[in-house]
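Please look through the sequence and the model shown below before reading on. The paragraphs that follow take the helices in turn and ask how their residues are placed.

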Amino acid sequence: MDIVSLLIFLAVGALVGWLAGLIVKGKGFGLIGNMIVGVVGAVLGGYLFGLLGITTGGLLGSIVMAVIGAVILLYIISILKKA
């Protein structure tokens, strides 16, 4: 992975984390927090979509998949915090 791909990956992760934060809590988590939530959400979304046999195409499909994964991640975290 070259530096440009890494920067795009982190920028998309930050965007996804911010979007998931807006959906779940109504605000973001800061730049680093958004990146972490976005990247982990993308991995979770990719894993779950793979289990279901769903494929996404292109950048937009990847962003949608990552946002869904990040929302699920934040929902799981909120459940664990309450317990």
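Which residues make the nonpolar surface patch of about 770 Å²? In this predicted model, the patch is made by Leu60, Val64, Ile68, Ile72, Tyr75, Ile76, Ile79 and Leu80. One of these residues, Ile68, lies in helix H3, and because its relative accessibility is 37%, Ile68 counts as partly exposed, the range between the buried limit of under 20% and the exposed limit of over 50%.

Helix H3 itself runs over residues 58-82, and its 25 residues reach 37 Å from the first C-alpha to the last, which is close to the 36 Å expected at 1.5 Å a residue. The buried residues of H3 are Gly61, Ile63, Met65, Ala66, Val67, Gly69, Ala70, Leu73 and Leu74, and they pack against helix H1 (3-24) and helix H2 (30-52). In reading such lists, it helps to recall that an α-helix has 3.6 residues a turn, so residues three or four places apart point the same way.

Helix H2 can be described in similar terms. Its 23 residues reach 32 Å from the first C-alpha to the last, close to the 33 Å expected at 1.5 Å a residue. The buried residues of H2 are Asn34, Met35, Val37, Gly38, Gly41, Gly45 and Phe49, and what covers them includes H1 and H3. Just after H2, Gly53 takes a positive phi of about 75°.

Conventions
Residues are numbered from 1 along each chain as its sequence is written. This is a predicted model: local features need pLDDT of at least 70, side-chain atom pairs count only at pLDDT 80 or more; totals for chains, interfaces and linings use all residues. Side-chain values use heavy atoms; hydrogens and water are left out. Helices (H or I, at least four residues) and strands (E, at least two) are DSSP runs, numbered from the N terminus. The expected span of a helix is 1.5 Å times one less than its number of residues. Buried means under 20% relative accessible area, exposed over 50%, partly exposed in between (1.4 Å probe, protein chains only). Contact means heavy atoms within 4.5 Å. Patches are made of residues with over 30% relative accessible area and no salt bridge: like charges are joined within 9 Å, nonpolar side chains (Val, Leu, Ile, Met, Phe, Trp, Tyr) within 5 Å. Accessible areas come from the Shrake-Rupley method with a 1.4 Å probe; for residues, only the protein chains shown count as cover. A salt bridge is a side-chain nitrogen of Lys or Arg within 4 Å of a carboxyl oxygen of Asp or Glu.
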